Amino acid sequence: MNKNTMIAIVAGVVVIAGVSVWFFVAPKSPTENSTNTTTAEITQNNSPAIDMTEAPVVEVKIQDFKYSPANITVKKGTTVIWTNEDNDGHNVVSNTGTIPGGPPAEAPLLGQHQQFSFTYDVVGTFDYHCTPHPFMAGTVTVVD
Ligand code: CO
């Protein structure tokens, strides 16, 4: 075996070893950004419910890409007013779009300081989210 053959074999082994190591340590490709909201992308709202059954009008702030408070319990007939404090546009959209008493399926995007309100006349639990940011999740529970 001459010197050139040895170099070729060593080079081949190095390349194969390198490819094998890369196969295990290569970073995963980043998750694709989606432009459409699907039900699967909507985050579950697990924040504790705030009892607001004493208030006829309840205000929810939209700030730093969060609804605050995100999870409220209100009495039937209560008007909930959302105010967007962010520069970015947000909205309030029912997760199902069809539950009576929930916010309409197509709510307008709110600019900064703009408000959206809805009066809950039906008892139930209504989950909502923000169309451009499905990780923004909120819940209104309406009781008698
Ligand atoms: Co949003």
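These questions and answers walk through a predicted model with two sheets and a cobalt ion.

Me: Hi! What should I know about how this model was handled?
Reply: Local features need pLDDT of at least 70 and side-chain atom pairs count only at pLDDT 80 or more, while totals for chains, interfaces and linings use all residues of this predicted model. Side-chain values use heavy atoms, leaving out hydrogens and water, and residues are numbered along each chain, as its sequence is written, from 1.

Me: In what order do the four strands of the open sheet stand?
Reply: Strands here are DSSP runs (E, at least two residues), numbered from the N terminus, and two of them pair if DSSP finds at least two bridges between them. The edge strands are β3 (66–68) and β7 (115–119), each pairing on one side only. The pairing in this sheet is mixed, and the order is β3-β2-β5-β7.

Me: Which residue in β3 is the bridge partner of Ile-62?
Reply: Strand β2 covers residues 57–63, and three bridges join β2 to β3. These two strands run antiparallel. Look in β3 for the partner of Ile-62, and you will find Tyr-67.

Me: Do β2 and β5 run parallel or antiparallel?
Reply: One pair to look at is Val-58, whose bridge partner in β5 is Val-80. Six bridges join β2 to β5, and the direction is parallel.

Me: Which residue in β7 is the bridge partner of Ile-81?
Reply: β5 and β7 pair over five bridges, in the antiparallel sense. The partner of Ile-81 in β7 is Ser-117.

Me: How many of the six residues of β5 are buried?
Reply: Buried means under 20% relative accessible area, exposed means over 50%, and partly exposed is in between (1.4 Å probe, protein chains only). In a regular strand the side chains alternate between the two faces of the sheet. In β5, Thr-79, Ile-81 and Thr-83 point one way and Val-80, Trp-82 and Asn-84 the other way, and all are buried. The strand (residues 79–84) is largely enclosed by the rest of the structure because the buried count is six of the six.

Me: What is the site of the cobalt ion, tetrahedral or irregular?
Reply: Donors are N, O and S atoms within 2.8 Å of the metal (3.2 Å for Na, K and Ca), and sites may look incomplete since water is not among the atoms. His-90 (ND1), Cys-130 (SG), His-133 (ND1) and Met-136 (SD) coordinate the cobalt ion at 1.9 to 2.5 Å. Four donors count as tetrahedral if all angles lie between 85 and 135 degrees. The angles among the four donor atoms are 92 to 127 degrees, and the site is tetrahedral.

Me: How many residues apart in sequence are the parts that His-90 and Met-136 tie together?
Reply: Along the chain, the donors of the cobalt ion follow the spacing H-x39-C-x2-H-x2-M. His-90 is buried, and Met-136 is buried too. His-90 lies in the loop between β5 and β6 (93–94) and Met-136 in the loop between β8 and β9 (137–143), so the parts this pair ties together are apart in sequence by 46 residues.

Me: Which side chain does the side chain of His-133 join in a polar contact of 3.2 Å?
Reply: His-133 is found in the loop between β8 and β9, and it counts as buried at 12% relative accessibility. A polar contact is a pair of N or O atoms within 3.5 Å; within protein, one must be able to donate a hydrogen and the other to accept it, and residues adjacent in sequence count only if both atoms are side-chain atoms. The contact of 3.2 Å joins His-133 to His-90.

Me: Is His-129 buried or exposed?
Reply: His-129 has its place in strand β8 (residues 124–129). A polar contact of 2.7 Å joins its side chain to that of Asn-95. With a relative accessible area of 6%, His-129 is buried.

Me: Which strands stand at the edges of the sheet of five strands?
Reply: The order in this open sheet is β1-β4-β9-β8-β6, with mixed pairing. Each edge strand has a single partner strand, so one side of each is left without a neighbour in the sheet: these are β1 (50–51) and β6.

Conventions. Four donors count as tetrahedral if all angles lie between 85 and 135 degrees; four count as square planar and six as octahedral if opposite donors are over 155 degrees apart and all others between 65 and 115; anything else is irregular.
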